[in-house]
Amino acid sequence: MLPRVPRPQRWLLQIVLLCQVSLAQEYYKVSSYTIHDADTFTKATVELPWDVSLSNRIIRCSDYDAWEVTRTRKTVVITDEEIQKGKTAKEDLTQLLKNTELWISPEGRQFDVYGRMLGRLYYGKEKKSLMEYMKSRGHLRNADKTLNK
């Protein structure tokens with residue numbers, strides 16, 4: 001049981017705790033998922049502290065935009081060549097994540113206009129940047145620009 005903190009000192013303790021939490025880089029394990037394309041994961045379960053999980057979520061990478069695998073996105077022109085690149089990127093990502101852990105680190109806006117969770121994704125015990133991996137393999141739509149939302 002935590003010691004009782006006198007009322008006048010509680011607000012100071014709360015501010016100190018909030019500052020410590022917000023300064024730390026947070027990584028949450030994504031324990032199960034389906035890869036829709038190289039920047040979107042569906043049916044994802046995100047493991048939070050205290051044995052809490054968020055199930056059946058859609059996660060969108062906030063720091064890169066990968067090639068599309070279908071023509072459902074209406075805000076850009078999608079060619080047959082892009083769909084092929086998207087399928088290649090998805091297969092590459094599937095192979096990368098086959099035997100390693102996936103992590104999400106929320107930043108800025110936590111949800112997009114479609115209700116998808118936003119965050120930077122990392123892989124492996126070392127938590128390497130998924131964006132850097134995808135960029136090095138030529139799987140980004142705008143390789144010269146990264147999304148900083």
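The points below go through the confidence of this model, its strand pairing, two unusual backbone angles, one helix and the aromatic pairs.

1. Basis of the model. The structure is a predicted model, in which local features need pLDDT of at least 70 and side-chain atom pairs count only at pLDDT 80 or more, while totals for chains, interfaces and linings use all residues. Residues are numbered from 1 along each chain as its sequence is written, and side-chain values use heavy atoms, with hydrogens and water left out.

2. Confidence. The chain averages a pLDDT (the predictor's confidence in each residue, from 0 to 100) of 85, and 79% of the residues score at least 70. Among the elements, which are DSSP runs numbered from the N terminus (helices, H or I, of at least four residues and strands, E, of at least two), helix H1 (residues 7-23) has the lowest mean pLDDT, at 47, and strand E6 (residues 128-129) the highest, at 98. The pLDDT is below 50 over residues 11-23, a stretch that has two contacts in the model beyond near neighbours in sequence, where contact means heavy atoms within 4.5 Å. Residues 145-149 also have a pLDDT below 50, with 11 contacts beyond near neighbours in sequence. Where pLDDT is low, the predicted coordinates should not be read in detail.

3. Strand pairing around E1. Two strands are taken to pair if DSSP finds at least two bridges between them. Strand E1 (28-37) pairs with E2 in the antiparallel sense over five bridges, and the two form a hairpin with two residues between them; Asp37 has Thr40 in E2 as its bridge partner. E1 also pairs with E4, again in the antiparallel sense, over three bridges, and here Val30 is matched with Leu102 in E4.

4. Strand pairing around E3. Strand E2 (residues 40-48) and strand E3 (residues 52-61) run antiparallel and are joined by six bridges, with Thr40 opposite Arg60 in E3. Thr40 is thus named in two bridges, since it is also the bridge partner of Asp37. On E3 there is a parallel pairing as well, with strand E5 (residues 117-123), over three bridges, in which Cys61 has Gly119 of E5 as its partner.

5. Positive phi angles. Which residue in the hairpin of E2 and E3 takes a positive phi? Trp50 does, with a phi near 65 degrees, in a hairpin that has three residues between the strands. Trp50 lies in the loop between E2 and E3 and is exposed, with a relative accessible area of 78%; here buried means under 20% relative accessible area, exposed over 50%, and partly exposed in between (1.4 Å probe, protein chains only). Asn56, although not a glycine, has a positive phi of about 55 degrees; Asn56 lies in strand E3 and counts as exposed at 60% relative accessibility.

6. Ser105. This residue lies in strand E4 (residues 102-105) and counts as buried at 4% relative accessibility. The side chain of Ser105 reaches the backbone oxygen of Glu26 at 2.8 Å. Not counting residues up to four places away in sequence, Ser105 touches Gln25, Glu26, Tyr27, Gly119, Arg120 and Tyr122.

7. Helix H2. This helix (residues 80-97) has 18 residues and reaches 26 Å from its first C-alpha to its last, close to the 26 Å expected at 1.5 Å a residue, the expected span being 1.5 Å times one less than the number of residues. Its buried residues are Glu82, Ile83, Gly86, Ala89, Asp92, Leu93, Leu96 and Leu97, and they pack against E1, E2, E4, E5 and helix H3 (130-136).

8. Aromatic pairs. The structure holds three aromatic pairs; rings of Phe, Tyr and Trp (its six-membered ring) pair if their centres lie within 6.5 Å, with planes under 30 degrees apart counted as stacked, over 60 as edge-to-face and the rest as tilted. One of these is Tyr27 with Tyr122, edge-to-face at 5.2 Å centre to centre and 85 degrees between the planes. It links distant parts of the chain, with Tyr27 in the loop between H1 and E1 and Tyr122 in strand E5, 95 residues apart. Tyr27 is partly exposed, at 30%, whereas Tyr122 is buried, at 13%. The rings of Tyr123 and Tyr133 have centres 5.8 Å apart and planes at 70 degrees, so this pair is edge-to-face; Tyr123 is in strand E5 and Tyr133 in helix H3. Both count as buried, Tyr123 at 13% relative accessibility and Tyr133 at 16%.

Definitions and conventions
A polar contact is a pair of N or O atoms within 3.5 Å; within protein, one must be able to donate a hydrogen and the other to accept it, and residues adjacent in sequence count only if both atoms are side-chain atoms.
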